[in-house]
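Colleague: I have just opened this one and would love a friendly tour. Could we go through it together, a question at a time?

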Amino acid sequence: MKRLLTALVLMVFALDAQAQYRTVSIRDIQRVPLDSLLACDALQNSNNARWTLQTSDFYPVPPAVRETIEVVGQVIVPPKTITFTATGWTLILRDAEAGQDEWSYLMVRVGSSTDTASLYGQNFLNLQQGDVVRLRGYVDEFPSGNMNSYTQFVPIGAGFQVIDIGTPLPAPLTKEVQDFYEGIYPGGKTKWSTGEPFEGAYIELTDLTVTGYVNQTNGTFSMVDAYGNEISTLDASEWFTLRAHRDPTSTYALPKQVQRVDTVRGYITTNSGQEAVRGYRIAPVFPGDLVLGEILP
């Protein structure tokens, strides 16, 4: 009888512990009202005091108390691939139930050394593309106070669970440069209204031309489409950088100016610091994500 009562008490505690964390979809974390994003289009980078117009509703301002929630998603980019931040303890998730709709992608970035150690013991680094996982944590924005901040989910050590493995991956989304930036930088316009819904999405752009270098030391460059709209790369992946987080077997080199880019695949992101004003960037991820063509005269 005592064992039965003890088992019932433990079950109640377990259910209570589970109940205190609600599961929130990636779409609900990412979704921002269109009127807010249109206001960002009008403001551009002129009024960072209103930067929260494009942030997640799950990021309170000031962020003194953040709700701990749980998310479920399919791994699109596994750990140890995006190596420019958190030493590779970063991944991209897709809302598996939402398909490839808007607001369906989310960056996950482990924050503290304590959580890193805990997740390491739970084989977080062994996650592969296609795995479906449950993570517990909170929503953050980086850099704070900037109209070009990026939503990221910060997992804590508890609550990590692999739900399924090796589920089929979708093809990259085909998008246009004008979805993210209109015109030539500087002087063009960041398109929050059509770009923010695909923050974190793994996309494909085609038929571009290299026009210059953003940072030759890092290995980043800018491209334009046939209509004169510009977008630049970000060297987030170990395969497409010239910095210390480069994979030693990478063969990446900066393309030539006026070289054709037949195809570039990568996830949509932003950057901090002086380059934040460029708005949305594309970060090639895997070998083969950058397909170069001829060098134009």
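Colleague: Is R260 buried, partly exposed or exposed, and at what relative accessibility?

Modeller: Happy to start there, and please keep in mind that this is a predicted model. A residue is called buried under 20% relative accessible area and exposed over 50%, with partly exposed in between. R260 falls between those limits, so it counts as partly exposed, at a relative accessibility of 22%.

Colleague: Which side chain does R260 meet in a salt bridge?

Modeller: R260 sits in strand β13, residues 259–269. Its partner is in strand β10, residues 202–215, and the two are 53 residues apart, so this pair links distant parts of the chain. The partner is partly exposed, with a relative accessible area of 47%. The N to O distance is 3.9 Å, and the residue that R260 meets is D207.

Colleague: What is the phi of D207 near?

Modeller: Most residues other than glycine have a negative phi. D207, in strand β10, has a positive value although it is a residue other than glycine. Its phi is near 60°.

Colleague: Where is V258, which has a positive phi as well?

Modeller: V258 is not a glycine, yet its phi is positive, at about 60°. With a relative accessible area of 36%, V258 is partly exposed. Its place is in the loop between β12 and β13.

Colleague: Which residue of β12 meets R278 in a salt bridge?

Modeller: Strand β12 covers residues 230–232, and R278 lies in the loop between β13 and β14 (281–283), so the pair ties together parts that are 48 residues apart in sequence. Both partners are buried. Their side chains meet at 3.7 Å, N to O, and the partner of R278 is E230.

Colleague: Which residues do salt bridges with shared partners join into one network?

Modeller: The salt bridges in the model come to 14. Some share partners, and through them one network is formed from E70, R134 and R136.

Colleague: Is K191 buried or exposed, and what is its relative accessible area?

Modeller: K191 also takes part in a salt bridge, with the side chain of E182 at 3.8 Å, N to O. E182 counts as partly exposed because its relative accessibility is 39%. For K191 the value is under the 20% limit, so K191 is buried, at 18%.

Colleague: Which elements do the buried residues of α3 pack against?

Modeller: Helix α3 spans residues 34–43, and its buried residues are S36, L37, C40, D41 and L43. An α-helix has 3.6 residues a turn, so residues three or four places apart point the same way. Just after α3, Q44 takes a positive phi of about 55°. The buried residues of the helix pack against β9 (189–190) and α5 (192–195).

Colleague: Which residue does a cis peptide bond join to Y185?

Modeller: Most peptide bonds are trans. The bond after Y185 is cis, with omega about -10°. The partner is found in the loop between β8 (181–182) and β9, and the residue joined to Y185 is P186.

Colleague: What is omega for the cis peptide bond that joins F142 and P143?

Modeller: P143 has its place in the loop between β4 (132–142) and β5 (150–155). The peptide bond joining F142 to P143 is cis, and omega is about -5°.

Technical notes:
Residues numbered from 1 in each chain as written. Predicted model: local features only at pLDDT ≥ 70, side-chain atom pairs only at ≥ 80, totals over all residues. Heavy atoms only, no water. Buried < 20%, exposed > 50% of the residue type's maximum accessible area, 1.4 Å probe, protein only. Helix = DSSP H or I, 4+ residues; strand = E, 2+ residues; numbered from the N terminus. Contact = heavy atoms within 4.5 Å. Salt bridge = Lys/Arg side-chain N within 4 Å of Asp/Glu carboxyl O.
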